[in-house]
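Got your viewer open? Here is a short tour, stop by stop, with something to select at each one.

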Amino acid sequence: MRANLPPSTNRVGLHRLLHVLESSEPSEATDIHQCLHEVATQLPRRSVVVLVSDLFLSPEDLLRSVREFRQRHCEVIVMHVLHREEVEFPFSRQTLFRGMEGGMEIEADGRAIRKAYLGV
């Protein structure tokens, strides 16, 4: 967990939240399930949880985390964030793809893998 902001219902709280989101940089791999478990144990019952994520985790871990919040009678909103290049996949030549969280690198012909990546 990189930031923990106190609950707020005013503009200052919103600006703090937006600043934290805007200044976030990808780094090492995150055990999101463990982070969400920590958050769930700290929240009061009947909270609203907004998860903004790239969702690089297994569907089972995501469902397990959501269930944990729901057992505490929390409302859960999940927002899947994608970069424009993940949606459009504009690569048409030999390109070096770098993983943001694992340091993995792959060099591939963008045109050759576009259909498989986009599922079309």
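Before the first stop, one rule of thumb: the expected span of a helix is 1.5 Å times one less than its number of residues. Keep in mind, too, that what you are looking at is a predicted model.

**Stop 1: helix α3**

Select residues 59-71, which make up helix α3. Try the rule on this helix: with 13 residues at 1.5 Å a residue, α3 should span 18 Å, and its end C-alpha atoms are indeed 18 Å apart, so the two agree.

Now colour Leu-62, Ser-65, Glu-68 and Phe-69, the buried residues of α3. Look down the axis of the helix: these buried residues fall within an arc of 125°, so they line one face of α3. Some background helps here: an α-helix has 3.6 residues a turn, so residues three or four places apart point the same way.

What sits on the face turned away from the buried side of α3? Select Pro-59, Glu-60, Arg-67 and Gln-71, and you have the exposed residues carried there.

Next, go back to the buried side and show what surrounds it. The buried residues of α3 pack against α2 (32-42), β1 (48-53) and β2 (75-80).

**Stop 2: Ser-65**

Zoom in on Ser-65, one of the residues in α3. Is Ser-65 buried or exposed? Its relative accessibility is 2%, and since buried means under 20%, Ser-65 counts as buried. Leave out residues up to four places away in sequence, and Ser-65 touches His-33 and Leu-36.

**Stop 3: α2 beside α3**

Bring up α2 together with α3. Two packed helices are described by the angle between their axes and the distance between the axes. For this pair, the axes come within 10 Å and cross at roughly 0°. Angles under 35 degrees count as roughly parallel, and α2 and α3 are therefore roughly parallel to each other.

To see who makes the contact, select His-33, Leu-36, His-37, Val-39, Ala-40 and Thr-41 on the α2 side. From α3, add Asp-61, Arg-64, Ser-65, Glu-68 and Phe-69.

**Stop 4: two loops with a twist in the backbone**

Most residues other than glycine have a negative phi. This stop has two residues that go the other way.

Start with Leu-55, in the loop between β1 and α3. Leu-55 is not a glycine, yet its phi is positive, about 55°.

Then move past the end of α3 to His-73, which lies in the loop between α3 and β2. His-73 is another residue other than glycine with a positive phi, this one near 60°. With a relative accessible area of 37%, His-73 is partly exposed. Setting aside neighbours within four places in sequence, you will find His-73 in contact with Arg-45, Arg-46 and Ser-47.

Got a distance tool handy? Try it from His-73 to Asp-31: the two are 42 residues apart in sequence and 23 Å apart in space, C-alpha to C-alpha.

**Stop 5: Ser-53 in β1**

Hop over to Ser-53, found in strand β1. Ser-53 counts as buried, at 8% relative accessibility. Which residues does Ser-53 contact, leaving aside its neighbours within four places in sequence? Select Ile-32, Met-79, His-80 and Val-81.

**Stop 6: the aromatic cluster**

How many aromatic pairs does a search of the whole structure find? The search gives four. Take Phe-89 and Phe-91 as an example: their ring centres are 5.0 Å apart and their planes sit at 75°, so this pair is edge-to-face. Phe-89 is buried, with a relative accessible area of 4%.

Now add Phe-97 and Tyr-117 to your selection. Ring pairs link Phe-89, Phe-91, Phe-97 and Tyr-117 into a cluster.

**Stop 7: around the cluster**

Two residues that contact members of this group finish the tour. Glu-85 is in helix α4 (residues 84-88) and, at 38% relative accessibility, counts as partly exposed. Beyond its neighbours within four places in sequence, Glu-85 is in contact with Pro-90 and Phe-91.

Last, select Met-104, in the loop between β3 (94-98) and β4 (105-109). Met-104 counts as exposed, at 57% relative accessibility. Skipping neighbours within four places in sequence again, Met-104 is in contact with Phe-97, Arg-98 and Gly-99.

Definitions and conventions
Residues numbered from 1 in each chain as written. Predicted model: local features only at pLDDT ≥ 70, side-chain atom pairs only at ≥ 80, totals over all residues. Heavy atoms only, no water. Helix = DSSP H or I, 4+ residues; strand = E, 2+ residues; numbered from the N terminus. Buried < 20%, exposed > 50% of the residue type's maximum accessible area, 1.4 Å probe, protein only. Contact = heavy atoms within 4.5 Å. Arc of directions from axis to C-beta. Phe/Tyr/Trp six-rings, centres within 6.5 Å; stacked < 30°, edge-to-face > 60°. Axes fitted to C-alpha atoms, helices over the stretch in contact; angles between N-to-C directions. Parallel < 35°, antiparallel > 145°, perpendicular 65-115°, else oblique.
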